[in-house]
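Visitor: I'd like to go through this one by asking how each label was earned. Can we take it step by step?

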Amino acid sequence: REAKGAIITIEGFIRENTDSPHTPLALYLIGRLSEKIGFSPEAAASYDKLISKYPDKPYSLNAFMGKVRIAYLADKFKEANDLLSKVQGINDDGVMLALASTYERIGDVDKALDIIKMGKGKTWILEGKDSRSIYLPSLAEAFIAKGDFNAAKEIYENIQKFYPEKDVLLY
């Protein structure tokens with residue numbers, strides 16, 4: 001209920017302040033709030049508006065990754081992969097982590113692990129609590145598929161450490 005009220009307030013701000021430098025942030029917030037309450041189509045629409053109207057502004061990459069997250073969580077891994085291929089050259093931990101996980105989900109374990117190795121080693125997978133945690137279990141599965149059980153165990157232990165509310169089976 002509070003999120004819906006916040007969305008209405010932010011939409012009002014955008015209508016009344018069409019040229020505001022805060023509009024990109026406002027669109028991003030509408031997207032995130034919509035995601036949080038399960039309104040994925042509305043979130044995607046807000047992200048699309050941000051990306052198309054303000055492609056070079058802060059929060060555009062975040063909006064793009066929001067679209068990837070929506071596709072990924074809906075088990076639309078090919079769509080997530082297609083979206084990620086557009087930003088693959090961006091050296092951003094979130095992009096790389098989502099791309100690696102999506103490759104694992106569509107069955108290209110070697111590409112997933114190559115991206116992990118290309119990043120800051122495995123450490124950027126394990127750097128604390130954030131929304132990227134949705135990708136961690138499938139990356140652990142990629143390591144298991146390649147027989148690197150220690151790496152998988154390290155990921156699962158860190159999920160337990162940073163996300164104690166999740167039930168995790170340690171291998």
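Visitor: How do you know that the span of helix α3 agrees with 1.5 Å a residue?

Guide: This is a predicted model, so the check is on its coordinates. Helix α3 runs over residues 40–53, 14 residues in all, and should span 20 Å. The expected span is 1.5 Å times one less than the number of residues. The end C-alpha atoms of α3 sit 20 Å apart, so the two values agree.

Visitor: Which residues of α3 are buried, and what makes a residue count as buried?

Guide: They are Ala-43, Ala-44, Ser-46, Tyr-47 and Leu-50. The label means that each has under 20% relative accessible area.

Visitor: What puts those buried residues on the same side of α3?

Guide: Their arc around the axis is only 160°, which puts them on the same side of α3. As a rule, an α-helix has 3.6 residues a turn, so residues three or four places apart point the same way.

Visitor: What is exposed on the other side of α3, and what covers the buried residues?

Guide: Pro-41, Ser-52 and Lys-53 are exposed on the other side, which means over 50% relative accessible area for each. The cover over the buried residues of α3 includes α2 (23–36) and α4 (60–73).

Visitor: Why is α4 called mostly covered?

Guide: Ten of the 14 residues of α4 are buried. Among them are Phe-64, Met-65, Val-68, Ile-70 and Tyr-72. The span of α4 works out too: 14 residues should give 20 Å, and the end C-alpha atoms are 20 Å apart. After α4 comes Asp-75, with a positive phi near 60°.

Visitor: Why is the pair of Tyr-72 and Phe-77 called edge-to-face?

Guide: Two numbers settle it. The ring centres of Tyr-72 and Phe-77 are 5.2 Å apart, with 75° between the planes. Centres within 6.5 Å make a pair, and planes over 60 degrees apart make it edge-to-face, so both conditions are met. Tyr-72 and Phe-77 are both buried.

Visitor: How many aromatic pairs does the whole structure hold, and which residues do ring pairs link into a cluster?

Guide: The search finds three pairs. Tyr-28, Tyr-47 and Tyr-59 are linked into a cluster by ring pairs.

Visitor: And stepping back, what makes up the pattern of the protein chain?

Guide: Nine helices and zero strands, so the pattern reads α-α-α-α-α-α-α-α-α, with helices counted as DSSP runs of at least four residues. Of the 171 residues in the protein chain, 45% count as buried.

Methods: Residues numbered from 1 in each chain as written. Predicted model: local features only at pLDDT ≥ 70, side-chain atom pairs only at ≥ 80, totals over all residues. Heavy atoms only, no water. Helix = DSSP H or I, 4+ residues; strand = E, 2+ residues; numbered from the N terminus. Buried < 20%, exposed > 50% of the residue type's maximum accessible area, 1.4 Å probe, protein only. Arc of directions from axis to C-beta. Contact = heavy atoms within 4.5 Å. Phe/Tyr/Trp six-rings, centres within 6.5 Å; stacked < 30°, edge-to-face > 60°.
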